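Please walk me through how aromatic rings are read in a structure such as this one.

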Amino acid sequence: MQTLLDVILPVFLVIGFGYVAVWRGLFPMTGIDGVMRFTQNFAIPCLLFQAIARLDLSASFDPRLMFSFYAGAALCFALGIFGARLLFKRDWEDCVAIGFCCLFSNSILLGLPITERAYGPDAMAGNFAIVAFHAPFCYGLGITVMEFVRNRGQTGLSLVRNVSRAMFRNALVIGILLGFAVNLTGLPIPGVVDDALSLIVRAALPAALFALGGVLIQYKPEGDMKAIAMVCIIALLVHPALVWTFGTTLDLPQDAFRSGVLTAAMAPGFNAYIFANMYGRARRVAATSVLIATASSILTVWFWLIVLA
């Protein structure tokens, strides 16, 4: 119970604050859109840029952690696709959008603050290593499979062009790539620039959590409940269980193991809805899955924190 009070509830109280503020008309939806745009396009890319620019790559990028997390994520993507096809008879484009909900954990808005509160800022190197590849891997896999099923028979060059165009318009991917460029080249960041980035970064997670709460009020639980239940089970239970299995087998160090399992246990991120909306497929499943899984994760994340203790 103390874990729930100390680690999880503060994060969800900020989300709830945003939800109630919009629900009661204390904060306009247009304002929430602006805050979300600020966090997604500016503050969080700055956070990722700064974190990766400073990251000790040799110490943080454990191949065993990368394999454990992303093999689990890819398997969940496949489970979501074929579950939607075999169990609910959805067309292939819908299946890919539903699979993406099972693939894309909310590694930033939920994973980072919960890990920091649970284990401290020094235990987050594994989280940043996962986040560094998260958007490129998930969008790369999701867009590639979607473009393949949407344009069966297109040339390989056309497929590569469509995937690349979608990837390099993503602000998170741009922030990550710039962080790697600074890290690998050893370019110094001027102190005044670093201080300015730090000011923006301090606003990133609280503002994003508040905006997430405001965004969730738009989506009401309705219809497709069996498909939504499948997404929640895969995202909240199957993915962390797979990472636990792979991490145990590969003898991951404790901090990396905790980061991997806990990040995998996060609800589908808002990017799951963005992906569905981008293609106009399974939007109701995606939106409601984000809402229900985020609420349900209060209990499932508590469970995983107890198991990891």
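The dialogue below takes up ring pairs, their surroundings and a charge over a ring.

Q: What kind of model is this, and how are the residues numbered?
A: This is a predicted model, in which local features need pLDDT of at least 70, side-chain atom pairs count only at pLDDT 80 or more, and totals for chains, interfaces and linings use all residues. Residues are numbered from 1 along each chain as its sequence is written, and side-chain values use heavy atoms, with hydrogens and water left out.

Q: How many aromatic pairs does a search of the whole structure find?
A: Rings of Phe, Tyr and Trp (its six-membered ring) pair if their centres lie within 6.5 Å, and planes under 30 degrees apart count as stacked, over 60 as edge-to-face and the rest as tilted. The search finds 15 such pairs, among them the stacked pair of Phe100 and Phe275, with 4.0 Å centre to centre and 10 degrees between the planes.

Q: Which parts does the pair of Phe100 and Phe275 tie together?
A: Helices are DSSP runs (H or I, at least four residues), numbered from the N terminus. Phe100 lies in helix α5 (residues 92-103) and Phe275 in helix α13 (residues 270-279), so their pair joins parts 175 residues apart in sequence. Both Phe100 and Phe275 are buried, a term for under 20% relative accessible area (1.4 Å probe, protein chains only).

Q: Which residues do ring pairs link into a cluster?
A: The cluster consists of Phe100, Phe104, Tyr139, Phe275 and Tyr279, linked by ring pairs.

Q: Over which ring does the charged end of Arg24 sit?
A: A charge sits over a ring if NZ of Lys or CZ of Arg is within 6 Å of the ring centre and within 35 degrees of the ring normal. For Arg24, the ring is that of Trp23, whose centre is 5.2 Å from the charged end.

Conventions
Helices (H or I, at least four residues) and strands (E, at least two) are DSSP runs, numbered from the N terminus. Buried means under 20% relative accessible area, exposed over 50%, partly exposed in between (1.4 Å probe, protein chains only).
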